[in-house]
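Me: I should like a close look at a single part of this model, followed by one connected account of its surroundings.

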Amino acid sequence: MTNINSDSGKINIRVMDQLRSTMQFEIKKTTILKKLMSAYCERSGAAIESLEFRLDGQPINKMDTPELLDMEDGDVIEVYQKNTLYS
């Protein structure tokens, strides 16, 4: 039995903010995560420069892909407001 979301296919990723609100995205495993980050920012109205995206506590680079990060269907990316007071 083959999974519809095979290794070369798409996976569903949830992006969760600090208030635990989530948005779901379906992306290819080879898509750079900057596209997901930009789509999240468009929907939420936030500037991409003001947010930090993390997977399992580790910062995500905009050029990373789900494949590179060994992400699986249903994984959750956490998004945080950057602390700009001391930047």
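Which residue of strand 2 stands opposite Asn12?

Reply: In this predicted model, local features need pLDDT of at least 70, side-chain atom pairs count only at pLDDT 80 or more, and totals for chains, interfaces and linings use all residues. Residues are numbered from 1 along each chain as its sequence is written, and side-chain values use heavy atoms, with hydrogens and water left out.

Asn12 stands opposite Glu26 in strand 2. Strands here are DSSP runs of E with at least two residues, helices are runs of H or I with at least four, and both are numbered from the N terminus; two strands pair if DSSP finds at least two bridges between them. Strand 1 and strand 2 pair in the antiparallel sense over 7 bridges. They form a hairpin with 5 residues between them, and Arg20 in the turn has a positive phi of about 70°.

The hairpin belongs to an open sheet of 5 strands with mixed pairing, in the order 2-1-5-3-4. Strand 2 (22-28) and strand 4 (58-59) stand at the edges with a single partner strand each, so one side of each is left without a neighbour in the sheet. Elsewhere in the sheet, strand 3 (residues 51-55) runs antiparallel to strand 5 (residues 76-81), joined by 4 bridges; Phe53 stands opposite Val79 in strand 5. Helix 1 (residues 33-44) packs on the sheet, touching strand 1 (10-16), strand 2, strand 3 and strand 5.

As to confidence, the mean pLDDT (the predictor's confidence in each residue, from 0 to 100) of the protein chain is 89, and 86% of its residues reach 70 or more.

Note on methods
Contact means heavy atoms within 4.5 Å. Axes are lines fitted to C-alpha atoms, for helices over the stretch in contact, and angles run from 0 to 180 degrees between N-to-C directions.
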